[in-house]
Amino acid sequence: MTECSFTVKERVVYPGQGVGEIVEISEKKFKDEMLTYYVIYFDESDMTVLVPALKATELGIRTIVSADEAQAALAFLSEKFDPIPSDWKMRYQMNLDLFKTGSILDNASIVRSLYHRSKIKELPIQERKLYDSAYRIFYDELSYALQKPKSEIEAMIHSYLEVLSKNAPVEKQDQVDTDIFGDDMNDIDDEDDFDDDE
């Protein structure tokens with residue numbers, strides 16, 4: 001049996017999926033070879049996945065952060081940050097790359113930047129879904145790390161985010177948009193632009 005990094009009943013973070021509980025560690029035959037699998041259950045989505053133990057690190061599966069790291073991630077929400085692109089497609093790709101890492105600070109970065117961006121202009125559908133996913137995983141992990149109910153965690157997140165709400169950074173204009181179209185792309189409705197791509 002493969003040596004396992006995690007144990008049954010341990011909570012782990014699976015990038016892009018969320019916080020789950022290892023409900024079983026089992027062996028299954030695959031191509032004439034016995035492989036060890038983690039059976040992970042996700043409360044939020046009511047979903048169970050099987051992950052080969054040998055692939056867990058490669059997939060970015062990790063333990064929940066410590067209480068100190070969770071507090072640092074909360075404080076990170078109120079720190080000033082560099083302007084983000086005004087073009088939503090560039091912004092989306094940038095945040096999607098962060099989302100795939102699964103780190104708590106990267107999820108916090110997505111939540112922080114898109115929260116403040118939404119105060120300037122409504123987020124396109126695809127970007128709003130990314131925000132919702134990052135937010136869900138972020139507050140779920142904080143709840144377990146700090147051992148506090150999710151309602152209290154949500155209030156804490158909002159409180160830290162609002163520290164910057166009156167002093168959010170000025171958005172970065174995208175030079176390519178100006179050169180090609182002659183006008184700022186913000187004059188084009190983001191939702192219509194997204195619908196055309198679908």
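## Notebook: alanine 145, the sheet and the salt bridges

**Entry 1, alanine 145.** I started with the contacts of alanine 145: leaving aside neighbours within four places in sequence, the list is Ile64, Val65, Ser66, Ala67 and Ala70. Note to self: this is a predicted model. I looked up where alanine 145 sits, and the answer is helix H4, residues 125-146. Buried or exposed, I wondered about alanine 145? Its relative accessible area is 13%, and the cut-off for buried is under 20%, so alanine 145 goes down as buried. I also checked alanine 145 against arginine 11: their C-alpha atoms are separated by 10.0 Å, although the two residues are 134 apart along the chain.

**Entry 2, the sheet.** Next I wanted the strand order. I found an open sheet of five strands, running S4-S3-S2-S1-S5 with antiparallel pairing. Which are the edge strands? They are S4 and S5, each of which pairs on one side only.

I then went through the pairings of S1. Strand S1 covers residues 11-14 and strand S2 covers residues 18-30; I get four bridges between them, in the antiparallel sense. Across that pairing, arginine 11 stands opposite glutamate 21 in S2. S1 and S2 make a hairpin, with three residues between them. In the turn I noted glycine 16, which has a positive phi of about 85 degrees.

S1 also pairs with S5, residues 62-63: two bridges join them, again antiparallel. Here valine 13 stands opposite arginine 62 in S5.

Then I looked for where H4 goes relative to the sheet. H4 lies across S1, S2 and S5, and runs at about 95 degrees to S2.

**Entry 3, salt bridges.** How many salt bridges does a search of the whole structure find? I get 10. A reminder for this page: side chains of opposite charge can pair when their charged atoms come close.

I took arginine 62 first, having just met it in S5 opposite valine 13. Arginine 62 forms a salt bridge with glutamate 141, and the closest N and O atoms are 2.7 Å apart. That pair links distant parts of the chain, with arginine 62 in strand S5 and glutamate 141 in helix H4, 79 residues apart. Glutamate 141 has a relative accessible area of 0%, so I marked it buried.

H4 has another entry here: glutamate 127 forms a salt bridge with arginine 91, the closest N and O atoms being 2.7 Å apart. Glutamate 127 lies in helix H4 and arginine 91 in helix H2 (residues 88-101), so this pair ties together parts that are 36 residues apart in sequence. I looked up the accessibility of both partners. Glutamate 127 counts as buried at 0%, and arginine 91 is buried with a relative accessible area of 0%.

Lysine 150 came next. Its salt bridge is with glutamate 44, and the closest N and O atoms are 2.8 Å apart. Lysine 150 is in helix H5 (residues 150-162), while glutamate 44 is in the loop between strand S3 (33-42) and strand S4 (47-52), so to speak 106 residues away along the chain. Lysine 150 is partly exposed at 24% relative accessible area, and glutamate 44 is partly exposed at 37%.

I also jotted down a network: Arg11, Glu21 and Asp43 are linked by salt bridges. Arginine 11 and glutamate 21 are the residues I had already noted standing opposite each other.

**Entry 4, serine 143.** Back to H4, where serine 143 lies. Serine 143 counts as buried, at 9% relative accessibility. What does serine 143 touch, not counting residues up to four places away in sequence? I find Lys148, Pro149, Lys150 and Ile153. Lys150 is the residue I had down for the salt bridge with glutamate 44.

**Entry 5, positive phi.** Last, I looked for positive phi values in residues other than glycine. Aspartate 32 has one, near 65 degrees. Aspartate 32 is in the loop between S2 and S3, and is exposed, with a relative accessible area of 73%. Aspartate 46 is on the page as well, with phi near 50 degrees. The place of aspartate 46 is the loop between S3 and S4, and I have aspartate 46 as exposed at 59%.

How values were computed. Residues numbered from 1 in each chain as written. Predicted model: local features only at pLDDT ≥ 70, side-chain atom pairs only at ≥ 80, totals over all residues. Heavy atoms only, no water. Pairing = 2+ DSSP bridges. Buried < 20%, exposed > 50% of the residue type's maximum accessible area, 1.4 Å probe, protein only. Contact = heavy atoms within 4.5 Å. Salt bridge = Lys/Arg side-chain N within 4 Å of Asp/Glu carboxyl O. Axes fitted to C-alpha atoms, helices over the stretch in contact; angles between N-to-C directions.
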